[in-house]
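Trainee: Hi! Got a few minutes to go through this model with me?
Mentor: Sure, put it on the screen and ask away.

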Amino acid sequence: MASENSKQFWKRSAKLPGSIQPVYGAQHPPLDPRLTKHFLKERSGVNAVPLKNKKASSFHEFARNTSDAWDIGDDEEEDVSSPPFQTLNSKVALATAAQVLENHSKLRVKPERSQSTTADVPASYKVIKSSSDAQLSRNSSDTCLRSPLHKQQSLPLRPIIPLVARISDQNASGAPPMTVREKTRLEKFRQLLSSHNTDLDELRKCSWPGVPREVRPVTWRLLSGYLPANTERRKLTLQRKREEYFGFIEQYYDSRNEEHHQDTYRQIHIDIPRTNPLIPLFQQPLVQEIFERILFIWAIRHPASGYVQGINDLVTPFFVVFLSEYVEEDVENFDVTNLSQDILRSIEADSFWCMSKLLDGIQDNYTFAQPGIQKKVKALEELVGRIDEQVHRHFRKYEVEYLQFAFRWMNNLLMRELPLRCTIRLWDTYQSEPEGFAHFHLYVCAAFLIKWRKEILDEEDFQGLLMLLQNLPTIHWGNEEIGLLLAEAYRLKYMFADAPNHYRR
């Protein structure tokens, strides 16, 4: 039955899902279900197309009706109507108003008290539970002090970035100081990296729970296979590979205007402004030119696949990590024109080579008909059918195909579902795992899906399920949530990776 459904889906689909229209995910602020669930249900009740008895609503019918639902700016300009006002009891209203005024006065006093308290504590003794907790508490207090009826006012030279677009982790500028444990881990990394021949197995073991920001650039170069383990050879290797990359630029980049390369270059040129549109760093013309060169050179050196939409996302974590080597402030706001030409060339070349190493392991995801993605989506379906049959049957009941949501998860390595800071932490582990991007990613996707089982089972129609799965509320996620996700993925891998028959029907 499943194979017949798959055949029918591909017959209806002239082109691959996700390869033509951009689908916006967690790079744009997802809808807050607490605020909008009632509104969406009312709207869907009024505007919904009546469902047929058989094959009620296909993905393409749904896509045609909602193709512009997540355009940039819609959330800011749309006036979300509230439910009809009801008559309030006057006593209740007066009591509530008094309580609000009292709470507001407490909030105005609290910062002064906490400021004087923290001033007495040495910086080295400040310890927090997790970066994501700190982020949540910081944002909730900001929200209370701001009027919800007015848009945020940007400060000069430091625009307010939505939480989903913030790159900082617990070791970044402006975040809480490191704990004693984090300092010990950082020292361990420095010892490993400075040894004459770095023990890559030990480095992978240390990197699995996350790499400290200060040593992440050199660690990623080593784990990706771009840098040699021998410290004496590293400088010469970097120099040679960077010169080789700019040799490709001189040799091939002018051909972007030739007829047989025009389509590739045009698609790259269109896609780059869509890459992380909420982060100012990626909207700078100089950064976009760097991305254009990286993607074009990769595409013409890999004619079996060429450029495919989604590859543009895979450059961004490498670019941010290698940029952070030279930037101590928040990377998302940094103006790259402040860096020298030599530094920018180094960042560009290193991003190209590390992205190339990543894509070498998953290139069948991007060749004709993208067979690698189809196999992974099928494996995800079989795995979920074993680990959570209730969710699996729920999808079948409402005719939701795994390809309709998981295609993007495989094509973009969950980058559209998670904030960039979470992707960077996730890739620490992927680069520590054998075939992390090709194999371990499957178990991460399964753990990610089951994480939302309650929300999935609460939705009881095709449209609601697709809306949920394409806009999962990960906006507040940080290192703690990613750590729990990876732990669950590792458990699934341990149970099923060496026993594939356990999840075959």
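Trainee: Which residues in helix 17 meet helix 19, and which do they meet there?
Mentor: From helix 17 you have Phe405, Trp409 and Met410. Across from them, helix 19 brings His441, Leu442, Cys445, Phe448 and Leu449. Keep in mind that this is a predicted model.

Trainee: At what angle do helix 17 and helix 19 pack?
Mentor: At about 135°, and their axes are 11 Å apart. Helix 17 covers residues 403–411, while helix 19 covers residues 436–451.

Trainee: And what do we call that arrangement of helix 17 and helix 19?
Mentor: Oblique. Roughly antiparallel would need an angle over 145 degrees, and the crossing of helix 17 with helix 19 is right-handed.

Trainee: Back to Cys445 for a second. Is Cys445 buried or exposed?
Mentor: Buried, because its relative accessibility is 0%. Cys206 is also counted as buried, at 13%.

Trainee: How many disulfides are there in the whole structure?
Mentor: The search finds 0. For context, a disulfide is a covalent bond between the sulfur atoms of two cysteines.

Trainee: Okay, new topic. How many residues of helix 18 are buried?
Mentor: 11 of its 11 residues, from 420 to 430. Among them are charged-type names you might pause at, including Arg421, Arg425 and Asp428. Trp427 and Tyr430 are on the buried list as well.

Trainee: What covers the buried residues of helix 18?
Mentor: The cover includes helix 8 (200–207), helix 9 (216–223), helix 13 (311–323) and helix 14 (341–360). Helix 19 and helix 22 (479–496) are also part of that cover. So helix 19 turns up twice in our chat: it covers helix 18, and it packs with helix 17.

Trainee: Which helix does Gln404 lie in?
Mentor: Helix 17. Gln404 counts as buried because its relative accessibility is 7%, and the cut-off is under 20%. Its C-alpha is 9.3 Å from that of Leu469, although the two residues are 65 apart in sequence.

Trainee: Zooming out, how many helices and strands are in the protein?
Mentor: There are 22 helices and 0 strands. Of the 505 residues, 47% count as buried.

Trainee: What share of the contacts joins residues at least 24 apart?
Mentor: It's 78%, taken among contacts between residues at least 6 apart in sequence.

Trainee: Last one: what does the accessible surface come to?
Mentor: About 27,300 Å², and carbon and sulfur atoms account for 53% of that.

Conventions. Residues numbered from 1 in each chain as written. Predicted model: local features only at pLDDT ≥ 70, side-chain atom pairs only at ≥ 80, totals over all residues. Heavy atoms only, no water. Disulfide = S-S within 2.5 Å. Buried < 20%, exposed > 50% of the residue type's maximum accessible area, 1.4 Å probe, protein only. Helix = DSSP H or I, 4+ residues; strand = E, 2+ residues; numbered from the N terminus. Contact = heavy atoms within 4.5 Å. Areas by Shrake-Rupley, 256 points an atom, 1.4 Å probe, with all protein chains shown as cover. Axes fitted to C-alpha atoms, helices over the stretch in contact; angles between N-to-C directions. Parallel < 35°, antiparallel > 145°, perpendicular 65-115°, else oblique. Left-handed = near helix turned anticlockwise from the far one by under 90°.
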